Amino acid sequence: MAKLTKKQKDVAAKFDKSKVYTLDEASALIKDINTAKFDATVDIAVRLGVDPKKANQMVRGVVSLPHGTGKDVSVLALVTPDKEQEAKDAGADFVGLDEYLEKIKGGWTDVDVIVTMPAVMGKLGPLGRILGPRGLMPNPKAGTVTMEVGKAISDVKAGKIDFRVDKYGIVHAVVGKISFAPEKIQENAKELITTLQKMKPTAAKGVYMRSIYLSSTMSPSVQVDPKSV
């Protein structure tokens, strides 16, 4: 068996992998066991008691984190000329239409979120094979296909994220940075968990909130007691 490094020994001494912590405790502990020398991202993984293969058990939505993600989100606004100024005023990093559609066709996807209008979605359809796998295809349910382009961009910049359950029944999301105070990590995580609770499909049977784990880049996962939220 490989020997533990000094950092791994320090981490192992600070928390018990077999223990289930309250959200309060986990939010503080995740900072304490962080070993990255950069501002690591804090992630949450929530396993739900749903069958994503069934349409009536798909869980997908959006949530505005009270303290944002801590990440500078780059936004591309694919809009008609009459909406360009609105998009620029709201803080979009890239604004335009046909020239960016051509760039995407060529493989360019250096953005985090794409916001567009209903009238433009027809042009985006053929780009689904490029945007879909990267999670960049705009979606009305995520609020990224709208006539209120400025508001959508502002919301994304302020910390609005979209989420969906994967094929294993798990929702993965970013809830902050390791530099955040524990209270901010806790409040962001609680906002997402509460939103998921409200979205429980009526067709889902048994225990809905199966497990919750908090982790940061390069750190172990800390299990959270769903009842503590």
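Here are some questions and answers about a predicted model of a protein chain.

Q: How many helices and strands does the secondary structure of the protein chain come to?
A: Let's start with the overall picture: the C-alpha atoms fill a box of roughly 60 × 45 × 35 Å along the principal axes. Within the protein chain, the secondary structure comes to eight helices and nine strands.

Q: What percentage of the 229 residues in the protein chain is buried?
A: A residue counts as buried if its relative accessible area is under 20%. Across the 229 residues of the protein chain, the buried share is 44%.

Q: Among contacts between residues at least 6 apart in sequence, what percentage joins residues at least 24 apart?
A: Contact here takes heavy atoms within 4.5 Å. With pairs at least 6 apart in sequence as the pool, the share that joins residues at least 24 apart is 73%.

Q: Is the aromatic pair of Phe94 and Trp108 stacked or edge-to-face?
A: The structure holds three aromatic pairs, and Phe94 with Trp108 is one of them, at 5.3 Å centre to centre. Planes over 60 degrees apart count as edge-to-face. The planes of Phe94 and Trp108 are at 85°, and the pair is edge-to-face.

Q: How many residues apart are Phe94 and Trp108?
A: Phe94 belongs to strand β4 (residues 94–96), while Trp108 is in the loop between α4 (98–105) and β5 (113–116). The pair links distant parts of the chain, and the separation is 14 residues.

Q: Which is buried and which is partly exposed, Phe94 or Trp108?
A: Buried means under 20% relative accessible area, and partly exposed runs from there up to 50%. Phe94 comes out at 25%, which makes Phe94 partly exposed. The value for Trp108 is 15%, so the buried one is Trp108.

Q: Why does the pair of Tyr100 and Trp108 count as tilted?
A: Both Tyr100 and Trp108 are buried, and their ring centres are 5.7 Å apart. Planes under 30 degrees apart would be stacked and those over 60 edge-to-face, with the rest tilted. The pair of Tyr100 and Trp108 is tilted because its planes are at 40°.

Q: Which residue lies over the face of Trp108?
A: Trp108 is already in a cluster, linked by ring pairs with Phe94 and Tyr100. There's also a residue at 4.3 Å from the Trp108 ring centre, and that is Lys103.

Q: What arc do the buried residues of α8 cover around the axis?
A: Helix α8 (residues 182–198) has 17 residues and reaches 24 Å from first C-alpha to last, close to the 24 Å expected. Its buried residues are Ile185, Asn188, Ala189, Leu192, Ile193, Thr195 and Leu196. They sit on the same side of α8 because the arc they cover is only 160°.

Q: Which residues make up the covered face of β1?
A: β1 (41–48) is among the elements that cover the buried residues of α8, along with others including α2 (23–32) and β6 (160–164). The uncovered face of β1 has Thr41, Asp43, Ala45 and Arg47. That leaves the covered face, with Val42, Ile44, Val46 and Leu48.

Q: What is the bridge partner of Val46 in β8?
A: β1 pairs with β7 in the antiparallel sense over seven bridges, and Arg47 has Ile170 as its partner there. β1 and β8 also pair in the antiparallel sense, over seven bridges. In β8, the partner of Val46 is Ile212.

Q: Is Ser211 buried or exposed?
A: Ser211 is found in strand β8. Beyond its neighbours within four places in sequence, Ser211 is in contact with Ala45, Val46, Arg47 and Gln223. With a relative accessible area of 11%, Ser211 is buried.

Q: Why do the buried residues of α7 line one face of the helix?
A: The buried residues of α7 are Val149, Gly150, Ala152, Ile153 and Val156. They line one face because, seen down the axis, they fall within an arc of 165°.

Q: How far apart in space are Lys151 and Glu86, C-alpha to C-alpha?
A: Lys151 lies in helix α7 (residues 149–158) and counts as partly exposed at 48% relative accessibility. In sequence, Lys151 and Glu86 are 65 residues apart. In space, C-alpha to C-alpha, the distance is 9.2 Å.

How values were computed: Residues numbered from 1 in each chain as written. Predicted model: local features only at pLDDT ≥ 70, side-chain atom pairs only at ≥ 80, totals over all residues. Heavy atoms only, no water. Phe/Tyr/Trp six-rings, centres within 6.5 Å; stacked < 30°, edge-to-face > 60°. Helix = DSSP H or I, 4+ residues; strand = E, 2+ residues; numbered from the N terminus. Buried < 20%, exposed > 50% of the residue type's maximum accessible area, 1.4 Å probe, protein only. Lys NZ or Arg CZ within 6 Å of the ring centre and 35° of its normal. Expected span 1.5 Å × (residues − 1). Arc of directions from axis to C-beta. Pairing = 2+ DSSP bridges.
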